[in-house]
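Q: Hi, could you walk me through the empty spaces and the packing in this one? I'd like to start with the cavities.

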Amino acid sequence: MSAHELVDRIEARIDQLRHLDDYVSGPDLHTLISQELRATATVLRQAAYKEDVGRRLLSAVGELCQLAGWVISDAGQYGRGRAYYVKGIQAAHAAGNEPVAANLLSSLSYQMASVGDPRKATVMARTAVKGAERSSTPLTRALLLERVAWAHAKAGESASAERVLGEADDVFGQHREGDEDPKWVYWLDRTEVDVMAGRCFTELARPLKAEPLLSQAIGAYDTTRVREVALYLSWLADAYAQAREIEQATEAASTSLRLSLTINSARVTDRIEVVRSRLRPFTATAAVQRFEDFYRSSVSAV
């Protein structure tokens, strides 16, 4: 097997793992990804190859680090996630692959916005956009901009978040079939763009803007992608609770909880707790009492 054929196989394997993440939760997938990362790093260190093959191997390491960081964060291990992202950024820069480096940096910003300092995350996310400015396709740029908007939303910066969401939407509209998009941006479509906008508006306590975006997107979503459906339902439940539509909130929350019992995702578990907190002021209502009974019976059964 030639060096090029070997890298072809590695890249195909990465694509398989990437698509597995659509259906397999982080803790269950991490072992496979970490094994592939170790094997690829060993080839990078020990094999003999030309410069172009070396760049492809470095890019592959970067992409595997992004996947590993993403799935281990789904397991709630954010320190390990950060370490993967940092190593991946180094590999991508060594490869001269600006889009991969930008995806890693913006993935780290997404994590930081969600569980760390969102204002620092906005700087990081904007740096990612700037770093790939000359080399990113519209679809890639839209993804990077969405993570800027998310960081602004988590920081409570409504005007900035809405402005960047509009920019991301405009850039997404420039995407055309035939663009040479990186394979790791395959999942970004109109539904996902609307979901991110809805999530941002929920975080900004603007439920009347969030609810229609989330409802329509969830209605069109692939139901076999259980983790994402459970996550997005949690934001819909949150938006309903903010709007004091408690029956709808508990209905969405109960469906999210029921789906969460079939997967192993710390992100979903954390989101259920956020929704419970949002519903706490309404514990006197029968709908919230039913939801809490369902929650307690589900937890005790695990």
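**Cavities, core and a few odd residues**

A: Happy to. By class, the lining of the largest cavity has 13 nonpolar, two polar and eleven charged residues. Keep in mind that this is a predicted model.

Q: How many residues line the largest cavity, and which lie nearest its centre?
A: The lining has 26 residues, and D21, W70, R147, W187 and E228 lie nearest the centre. Two or more lining residues come from each of helix 3 (51-74), helix 5 (98-115), helix 7 (138-154), helix 9 (190-203) and helix 11 (226-242).

Q: Nice. Which helix gives the most to that lining?
A: That's helix 11, with five residues.

Q: And what volume are we talking about for the largest cavity?
A: About 480 Å³.

Q: How many cavities of 30 Å³ or more are there in the whole structure?
A: The search finds two. The second largest has a volume of about 40 Å³.

Q: What lines the second largest cavity?
A: Its lining is R18, G62, E63, Q66, V100, N103, L104 and W184. Helix 3 and helix 5 are the elements that give two or more residues to this lining. By class, the residues divide into three nonpolar, three polar and two charged.

Q: Let's switch to the packing. How many residues are in the largest nonpolar core?
A: There are 97, and I33 and L279 have the most contacts inside this core. Helix 3 gives the most to the core, with twelve residues.

Q: What does L279 touch, leaving out residues up to four places away in sequence?
A: L279 touches A241, A249, T250, A253, V288 and F291.

Q: And I33, where does that one sit?
A: I33 is in helix 2, where it is buried. The other buried residues of helix 2 are G26, L29, H30, S34, E36, L37, T40, A41 and L44. As for partners, the buried residues of helix 2 pack against helix 1 (3-20), helix 3, helix 4 (78-95) and helix 11.

Q: How far apart are the end C-alpha atoms of helix 2, and what span should its residues give?
A: The ends are 29 Å apart. Helix 2 runs over residues 26-46, so at 1.5 Å a residue its 21 residues should span 30 Å, and the two values agree.

Q: Good check. Now for charges: is R227 buried or exposed?
A: R227 counts as buried, at 5% relative accessibility, because the cut-off for buried is under 20%. This arginine lies in helix 11.

Q: What is R227 in contact with, leaving aside its neighbours within four places in sequence?
A: The contacts of R227 are D21, V24, S25, G26, D74, I263, S265, R267 and V268. Among them, D21 also appears with the residues nearest the centre of the largest cavity, and G26 is one of the buried residues of helix 2.

Q: Last topic, backbone angles. What is the phi of A205?
A: A205 has a positive phi of about 60°, although it is not a glycine. You'll find A205 in the loop between helix 9 and helix 10 (207-219). A205 is exposed, with a relative accessible area of 53%.

Q: And what about R244, what is its phi and where is it found?
A: R244 has a positive phi of about 60° and is not a glycine either. R244 is found in the loop between helix 11 and helix 12 (246-260).

Q: Is R244 buried or exposed?
A: R244 is exposed, with a relative accessible area of 62%.

Key
Residues numbered from 1 in each chain as written. Predicted model: local features only at pLDDT ≥ 70, side-chain atom pairs only at ≥ 80, totals over all residues. Heavy atoms only, no water. 1 Å grid on protein atoms, 1.4 Å probe; cavity = no way out; pocket = protein on both sides within 12 Å on 5 of 7 lines; lining within 4 Å. Points joined across faces, edges and corners; volume = space filled by probe spheres on them. Helix = DSSP H or I, 4+ residues; strand = E, 2+ residues; numbered from the N terminus. Nonpolar A, V, L, I, M, F, W, Y, C, P; charged D, E, K, R; others polar. Core = buried A, V, L, I, M, F, W, Y, C linked by side-chain atoms within 4.5 Å. Buried < 20%, exposed > 50% of the residue type's maximum accessible area, 1.4 Å probe, protein only. Contact = heavy atoms within 4.5 Å. Expected span 1.5 Å × (residues − 1).
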